[in-house]
Amino acid sequence: TDVQIDYYPSRDDFNVSSEHSNLIIWEKFAVQAEKQRFTGIHLLKHALLNTTPTITKTIQVIDKEGERKDVKVPDAQAIQLANSKIDEIRNGFTDWLSEQSPEFKDKLADLYNRKFNCYVKPQYDGSHQTFPGLDLKGLGITDLYPSQKDCIWMQKMLGGGIADHEVGGGKTLIMCCAAYEMKRLGIVNKPMIIALKANVHEIAQTFKTAYPHAKILYPGKEDFTPGKRIRIFNDIKNNEWDAVILTHDQFGKLPQSPEIQSRIFQAELDGVEENLSVLESQTGKSASKRMLRGLEIRKLNLMVKLSALADQIKSRTDDVTDFRLMGIDHLFVDESHQFKNLMFTTRHDRVAGLGNPEGSGRAMNMLFAIRTIQEHTGRDLGATFLSGTTISNSLTELYLLFKYLRPGELEKQNINSFDAWAAIYAKKTTDFEFSVTNQIVAKERFRYFIKVPELAGFYNEIADVKNARDIGIDRPEKNEILHNIPPTPQQEIFIGKLMEFARTGDATLLGRDELSESEQKAKMLIATDYARKMSLDMRMISPHYDDHVDNKASHCAAKIAEYYRKYDDRKGTQFVFSDLGTYKPGQWNPYSEIKRKLVEDHHIPAHEIRFIQEAKTEQARKTMIEAMNEGRIRVLFGSTSMLGTGVNAQKRAVAIHHADTPWRPSDLAQRDGRAIRKGNEIAKEFAGNKVDVIIYAVEKSLDSYKFNLLQNKQTFINQLKTNSLGSRTIDEGSMDESSGMNFSEYVAILSGNTELLEKAKLEKKINALESERKSFEKGKSSAIYKYGDSIRTIDGNTELIERMTKDVEAFNSRLQLDKEGNRLNPILLDGIEGKDPKVIGTKLNRLSDNARTNGEYFPIGELYGFKLLVKTEESLKEGMSFKDNRFFIEGEGGIKYNYNNGHIAADPATASKNFINALEKIPSLIQKYRSDNEKLSKDLPVLKDVIDSLWRKEPELKELKQELSSLERKIQLTLSSREQVAEGTEIREEKPQVEATPLIETVSGVHSGLPVSLREITDTMKDRLVTARPSHGMEEKDDGQKRENTEPIAQKPPFRGIRV
């Protein structure tokens, strides 16, 4: 049966139809729902759109009044079956492709390579640059880093890009020098630098020091009050500034062009309307009502914004100065990851972890400004993003980066929306998790990223990626230590309550009111948040809990005191980070609790321990940083946002303490960068040039898992940036800030194992083997290409040898010798009578100076029956274009030989011998091609062995896949049996009591291949792991003797789950 497929690029949509049906469409690739059949045509469209059909079924439940009522719920079994058939369709395409002719496959590969695999990372060498006006002496440096010069050169060449340099790489000077140079060379007219409030003063001061005569506008906080803004806007517009420097917040107050805003919002509205059109046209009512409702609301919001903009344009007066009129034509955006929440439109309404499609006002303001510049220049970029963490959490942020900076290139790839990008570079997965009623449900997310080398190439073409080692920064190394802490008795009890809450949703277990309907949907996020608070300190949950000698605050205080004593002579300093429980005057918080323990238990002076939140002004903050560098403050507490950026207090830093683990890899990098940066004198001189980074992890909490998840994500991000991945696919993991952790992993980490955890173990092994097989196949592909190329080269060389041999034979048969046996040079030159070498040489030199053949080979005579030719070529010398004439002698096989690269000697006698010298070179050319063939022929058997080799681990992979398939069927049968029993049956839940949870060492293997058990973490981190001392129910009294802890611990009968 012929199937017609139409693609609509503007809305990234497919239409699939067939005139006739058959058993393959109606049976083999069909799924029967409760009231409808989803045929192969339906599923093929979902396969093309990378979506999953919404399949529901009706079940009976008992409402609060005890009445039975019918409700529609997702049919997990049918959705699972549909997903498997969609995967089979996709795999079938691969099988079909392998059966096609080599010509067709080559054509398809060429099409793909030209569209996606055509981006190469340029090598920018800026060493030749001079920087007029740059005051190196004033800056206190002898020269810029080579990496800084290269990055500045990239911006000159591209007109922008991404300066992806690690913390401490000198991004401030890159901004200042690039802005000044681009202005000086006329590449831009009026550059603007925007930065965090904490850094902007330093940037302005650096610019002023670097270029003392530069004309810079750096308005202060008081200049941006409502009454003074208009004057600043006009100052920007009416003056020729070398640079305008603003904070992120000040930039957000610049009025944007209503016309630009209107066009962007109209494009988003068009996208929403197209998606609505697609969904409403889907047959079989497979469109999600929630998705339709969400798009309708979004459409209304956009229409309101467009209406307001239309009114603004209509009523605008001539004296309004917006961004378009200010003349800014390049933006340098420091800490650009602050603008990552850009709006986008998607059909994937059930996919977790995508962020808010509405975006933020700050990000939209940035998009308006960049589009204004791009519209003015008529090209991509128009801005330079500078950050060591351009991708702060997820690879989906790459799309938003490209949306800002490369809209034209995305359009060339037919990528007009997030969905179109995701269809090419992301793979949606369906994980099966436990619901509130202990049923298995499906959860979708973009967990895997595919075609990663092409994605990396697209990024690297406009990005200058440098780590500390590349730059050559003299900074300490990081020594990570995972400090494991046993749970306190109260934490043990609460862990049991958390597991029960995660299973049942009974919020009263946690001492709070019952969950609302919206809270029920966010149950796992609530559970994850409670687990984080529990790990930090039980008093974060309720003030009724007690302090304990073995809680995190006690361990953290003890380690801080240990480093304090160790480096007391050198006044070594320490940073303590936590985003939970930050300092609030007059309230209990973990910051103050750790400080109390440091003062009372470890006798550290209180004035040497400070909180960054105490610095209410910029001057107070600056004073605090100076005191840290001088050693008057020895311990500084703070959150990632307040202490993780813009703090150069590294001079005496010897340790960093992570009391909690942040959500994003970028936050961890920013925290560590406070001490692991250039200028850390104490670590360099007295700590082996290392800084200890201590991560505090409570056993049976989410601490270890979360930390390793961040490490895993950061590894993937780094490999993508450097294009050093051994695999074309990467797995991001399954935990995020917006939805928390999935239930199966949550319970597995807090308690014991499940079938889903066993499934994850198998997936981890299979993924490792498949990655190995892909590398093997990649090697084979390379060998196949080299083998074919070698064969073609040998054939080409052989043909050349044959033609050259005929020319040699012809030359030797016609060669004339004088009486002494010397070769004669009976050259016949057009327009010259006789064979006088000097006359011929003079004529050749005149031809060399004056001939113009317009790139054609022009005959000028002959020698021994071989044609003499001249050709005029365009050449460049010192930037100037000139005509260059080259001379050849053509053999009977059409091969053109030359001597001295075709150039004629100035001496007439020598010039006349040019052509016979070329003929005498032929034997050496034949020998060269023969040598090349001999070398290539020796390589052929080796390449053939590689091509014919088989991957030896194929049986092992097959066995693991069979085991995984068997386990999945077991899970599916469990799901089916539970649903059959539950259908129309009242579910009564017996309130289980909390059982004693087994040690976390019993857990092994979770999604993403991350270690979560103490044993696995020990294997991973080896000698970097520090295990804390358990209390064993004993407390140490003031007299130094240990006594039994008499606090009662609840007896915990076996966990029974629910009873049907």
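# Why is it called that?

Visitor: What makes Arg610 and Glu614 a salt bridge?

Guide: The closest N and O atoms of Arg610 and Glu614 are 3.0 Å apart. The cut-off asks for a side-chain nitrogen of Lys or Arg within 4 Å of a carboxyl oxygen of Asp or Glu. So 3.0 Å passes, and the pair counts as a salt bridge. Keep in mind that you're looking at a predicted model.

Visitor: Is Arg610 buried, partly exposed or exposed, and why?

Guide: Its relative accessible area is 27%. Buried means under 20% and exposed means over 50%, with partly exposed in between. Since 27% falls in between, Arg610 is partly exposed. Glu614, at 29%, is partly exposed too, because that value sits in the middle band.

Visitor: How many salt bridges are there?

Guide: The structure holds 40 of them.

Visitor: What makes Glu892 and Arg814 a salt bridge?

Guide: The closest N and O atoms of Glu892 and Arg814 are 2.3 Å apart. With a limit of 4 Å, that counts. This pair also links distant parts of the chain: Glu892 is in the loop between S27 and S28, while Arg814 is in helix H31 (residues 755-814), 78 residues apart.

Visitor: Why is Glu892 called exposed, and which label does Arg814 get?

Guide: Glu892 has 52% relative accessibility, and exposed starts over 50%, so Glu892 makes the cut. Arg814 has 31%, which lies between 20% and 50%, so Arg814 is called partly exposed.

Visitor: What about Lys883 and Glu874: how far apart are their closest N and O atoms?

Guide: They are 2.4 Å apart, so the 4 Å test is passed and we have a salt bridge. As for accessibility, Lys883 is at 42%, under the 50% line, so partly exposed is the label. Glu874 is at 51%, over that line, so exposed is the label. Elsewhere, salt bridges that share partners tie Asp537, Arg539, Asp547, Glu593, Arg596, Lys597 and Glu600 into one network.

Visitor: Why do we say that S27 and S28 pair?

Guide: Pairing takes at least two bridges. S27 and strand S28 (residues 896-897) have 2 bridges, so they qualify, and they run in the antiparallel sense. Ile889, for example, stands opposite Tyr897 in S28. There are 5 residues between the strands of this hairpin, and in it Gly894 takes a positive phi near 90°.

Visitor: How many bridges join S26 to S27?

Guide: Strand S26 (residues 866-877) and strand S27 (residues 880-890) have 11 bridges and run antiparallel. With at least two required, they count as paired. Lys871 is found opposite Arg886 in S27.

Visitor: What makes S24 and S28 edge strands?

Guide: They belong to an open sheet of 5 strands in the order S24-S25-S26-S27-S28, with antiparallel pairing. Strand S24 (828-829) and S28 each have a single partner strand, so one side of each has no neighbour in the sheet. Helix H32 (residues 837-850) packs on this sheet and touches S24, S25 and S27; its direction makes about 140° with that of S27.

Visitor: In the sheet with S7, which way does the pairing run?

Guide: That open sheet has 7 strands in the order S9-S10-S8-S11-S13-S7-S16, and the pairing is parallel. Here strand S9 (216-217) and strand S16 (463-466) are at the edges, because each has a single partner strand. Inside the sheet, 3 bridges join strand S7 (residues 161-165) to strand S13 (residues 383-386), which is enough for a pair because at least two are needed. Ala163 stands opposite Leu386 in S13. Helix H7 (residues 171-184) packs on the sheet, touching S7, strand S8 (191-195), strand S11 (330-334) and S13.

Visitor: Which residues form the nonpolar patch on the surface?

Guide: Phe93, Trp96, Phe104, Leu108 and Leu111 do, with about 470 Å² of accessible area together. Helix H3 (76-98) and helix H4 (102-115) each give two or more residues. The largest share, 3 residues, comes from H4.

Visitor: Why does Trp96 have enough accessible area for a patch?

Guide: Trp96, in helix H3, has 38% relative accessibility, and a patch residue needs over 30%, so Trp96 clears that bar. The label is still partly exposed, because 38% is under 50%.

Terms used:
Residues are numbered from 1 along each chain as its sequence is written. This is a predicted model: local features need pLDDT of at least 70, side-chain atom pairs count only at pLDDT 80 or more; totals for chains, interfaces and linings use all residues. Side-chain values use heavy atoms; hydrogens and water are left out. Patches are made of residues with over 30% relative accessible area and no salt bridge: like charges are joined within 9 Å, nonpolar side chains (Val, Leu, Ile, Met, Phe, Trp, Tyr) within 5 Å. Accessible areas come from the Shrake-Rupley method with a 1.4 Å probe; for residues, only the protein chains shown count as cover. Helices (H or I, at least four residues) and strands (E, at least two) are DSSP runs, numbered from the N terminus. Buried means under 20% relative accessible area, exposed over 50%, partly exposed in between (1.4 Å probe, protein chains only). Contact means heavy atoms within 4.5 Å. Axes are lines fitted to C-alpha atoms, for helices over the stretch in contact, and angles run from 0 to 180 degrees between N-to-C directions.
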